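Student: I am new to this structure and would like a close look at one part of it. Could you pick a single residue, walk me through its surroundings, and then show me what lies around that part?

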Amino acid sequence: MSGLIVPPGQGRKLVTKAQEITFKVTEADGSVISTFEVVVPPGFDVGAHVHQHAQEFFYVLEGEIDLLAFEPVERTEGDWRDWKSPAGDGVVRAGPGSCMFVPPGCPHAFTNATDEPVRMLFQSHPSPDHERYFEEIAEIFSSGRSVDSGAVQRMRERYDISQITPLRYGSPA
């Protein structure tokens, strides 16, 4: 049996107008956890969402990103950045070396509110759910035609993603 070594800059890359994802370790490699390197461009907001079965881990490698991982006192649909936990916690500006663990059922979100790209290590269990999700979303974004929001919603449901606030990308707010 052999392990896997993936040098810097290597791995299968998906580039969309919203994100850049490099597959590092996948189900095809024998892993039950999918591992990706993600470049989050300025202005990208994944939107608050929740997974009922999946768990995730994010580790900031470069840049600063706003993170949230808690059930808020009130789930507002427009913007998660004002959410507060019952303990009074709010959004955290996270720099290199910061990490976020998200257990199943925990609302979470991230946004790059800076003018520089952010690079993160991202792990998701179980594989290959996020692998397939990233492949399908890349197809939708690269198709060149308008995005069918109903089709995107149905795809997210297939991959255990319940969106609470909208996904956004563009210039930082």
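Tutor: Happy to! Let us start with Lys24, which sits in strand β2, the stretch covering residues 20–25. Please keep in mind that this is a predicted model.

Is Lys24 buried or exposed? With a relative accessibility of 13%, Lys24 counts as buried, because the cut-off for buried is under 20%. Its contacts, leaving aside neighbours within four places in sequence, include Leu4, Val6, Pro7, Gly9 and Gln10. Lys24 also touches Asp29, Thr35, Phe36 and Glu37.

Phe36 is a handy stepping stone, since Glu131 is in contact with Phe36 too. Glu131 belongs to helix α1, which spans residues 129–142. Beyond its neighbours within four places in sequence, Glu131 also contacts Phe23, Thr26, Glu27 and Ser34. Like Lys24 at 13%, Glu131 is buried, with a relative accessibility of 8%. To get a feel for distance, take Gly3: Glu131 lies 128 residues from Gly3 along the chain, and their C-alpha atoms are 20 Å apart.

Now back to strand β2 and its place in the sheet. Strand β2 is part of an open sheet of six strands, ordered β1-β2-β3-β10-β5-β8 with antiparallel pairing. At the edges are β1 (12–15) and β8 (99–102), each of which pairs on one side only. Ignoring direction, neighbouring strands of this sheet are turned against each other by 20° on average.

Further along that order, strand β5 (residues 55–62) and strand β10 (residues 118–125) run antiparallel and are joined by seven bridges. To see one of these bridges, look for Phe57, whose partner in β10 is Gln123.

Finally, let us visit the edge strand β8, which covers 99–102, and look at Cys99. Why does Cys99 form no disulfide? The closest cysteine sulfur, in Cys106, is 14 Å from that of Cys99, which is too far for a bond. The cut-off for a disulfide is 2.5 Å between the sulfur atoms. Cys106 is likewise in no disulfide, its nearest cysteine sulfur being that of Cys99. In fact, the structure holds zero disulfides. The two cysteines also sit in unlike surroundings: Cys99 is partly exposed, with a relative accessible area of 48%, whereas Cys106 is buried at 12%.

Note on methods:
Residues numbered from 1 in each chain as written. Predicted model: local features only at pLDDT ≥ 70, side-chain atom pairs only at ≥ 80, totals over all residues. Heavy atoms only, no water. Buried < 20%, exposed > 50% of the residue type's maximum accessible area, 1.4 Å probe, protein only. Helix = DSSP H or I, 4+ residues; strand = E, 2+ residues; numbered from the N terminus. Contact = heavy atoms within 4.5 Å. Pairing = 2+ DSSP bridges. Axes fitted to C-alpha atoms, helices over the stretch in contact; angles between N-to-C directions.
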